[in-house]
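Student: I would like to go through this model term by term. Please set each value against its cut-off.

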Amino acid sequence: MTQARILIVPGWRNSGPGHWQSLWAERFAGVERVDQDDWITPSRAAWVTSITQAILARPGPVVVVAHSLGCIATSHLPPEAVERIQGALLVAPADPERRAVLSDFAPVPYARLPYRSVLVASSNDPYCPVRLAGAYARAWGSELVRLQEAGHINIASGHGDWPLGLALLQSLTGDGLQPLEREVLTAV
């Protein structure tokens with residue numbers, strides 16, 4: 001079986017230094033990150049195209065690790081991208097109807113995802129009520145992990161390295177996370 005590539009899909013405004021997505025991309029081999037041309041005023045067509053191109057860029061299966069608006073963009077992917085996805089960790093999905101700048105991503109598809117997915121939601125996420133996140137999970141066929149008082153599961157809510165998220169990712173990849181090999185310099 002071919003080992004899946006891990007594809008980081010940040011949300012609105014990107015995931016900056018210290019965010020768990022950025023830390024994982026720096027730490028593990030085989031992790032790629034989707035870059036968007038416009039992180040501030042996102043376009044659904046542009047974001048979906050970027051994610052699709054990243055999925056199709058190389059052969060083999062992909063595990064998507066999406067945060068916030070990245071979760072919603074992932075739900076809009078076309079069939080040729082979806083068929084390459086082995087699994088998805090969908091963290092703190094956004095509600096594109098709550099902010100006008102995200103409205104291009106509405107309506108959110110309520111169709112079952114044809115791959116295993118884990119949706120992580122917080123009881124006090126300011127960008128998506130936990131009941132709506134639960135509705136997404138039911139519609140998408142995702143396993144729901146509900147965290148208490150975890151905010152938007154980002155740096156602002158105290159989630160840097162986020163070990164629980166890493167364990168959830170490993171449940172989707174098996175033992176597929178290999179640390180990046182770093183060159184060790186020794187004094188002579």
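**Buried tryptophans and their rings**

Tutor: Start with Trp-162, which is buried at 6% relative accessibility. This is a predicted model, where local features need pLDDT of at least 70, side-chain atom pairs count only at pLDDT 80 or more, and totals for chains, interfaces and linings use all residues. Residues are numbered from 1 along each chain as its sequence is written, and side-chain values use heavy atoms, with hydrogens and water left out.

Student: Why is Trp-162 called buried?

Tutor: Buried means under 20% relative accessible area, exposed over 50%, partly exposed in between (1.4 Å probe, protein chains only). Trp-162 has 6%, so Trp-162 counts as buried. Trp-24 has 1%, so Trp-24 is buried too.

Student: How many aromatic pairs does the whole structure hold?

Tutor: The search finds seven. One of them joins Trp-24 and Trp-162.

Student: What makes the pair of Trp-24 and Trp-162 stacked?

Tutor: Rings of Phe, Tyr and Trp (its six-membered ring) pair if their centres lie within 6.5 Å; planes under 30 degrees apart count as stacked, over 60 as edge-to-face and the rest as tilted. Here the centres are 6.3 Å apart and the planes are at 0 degrees, so the pair is stacked. The pair links distant parts of the chain, 138 residues apart: Trp-24 is in helix H1 (residues 20-27), and Trp-162 is in the loop between E7 and helix H6 (163-173). Helices (H or I, at least four residues) and strands (E, at least two) are DSSP runs, numbered from the N terminus.

Student: Why are Trp-39 and Trp-47 called edge-to-face?

Tutor: Their centres are 5.4 Å apart, and 75 degrees lie between the planes, so the edge-to-face cut-off is met. Both are buried.

Student: What makes Arg-13 lie over the face of Trp-12?

Tutor: A charge sits over a ring if NZ of Lys or CZ of Arg is within 6 Å of the ring centre and within 35 degrees of the ring normal. Arg-13 lies at 4.0 Å from the ring centre, so the distance condition is met.

Student: How do you know that Ser-142 is buried?

Tutor: Its relative accessible area is 11%, so Ser-142 falls under the buried cut-off. Ser-142 is in the loop between helix H5 (130-140) and strand E7 (143-147). Contact means heavy atoms within 4.5 Å. Leaving out residues up to four places away in sequence, Ser-142 touches Leu-90, Leu-113, Ser-117, Leu-119 and Ala-137.

Student: What makes H5 mostly covered?

Tutor: Eight of its 11 residues are buried, among them Tyr-136 and Trp-140.
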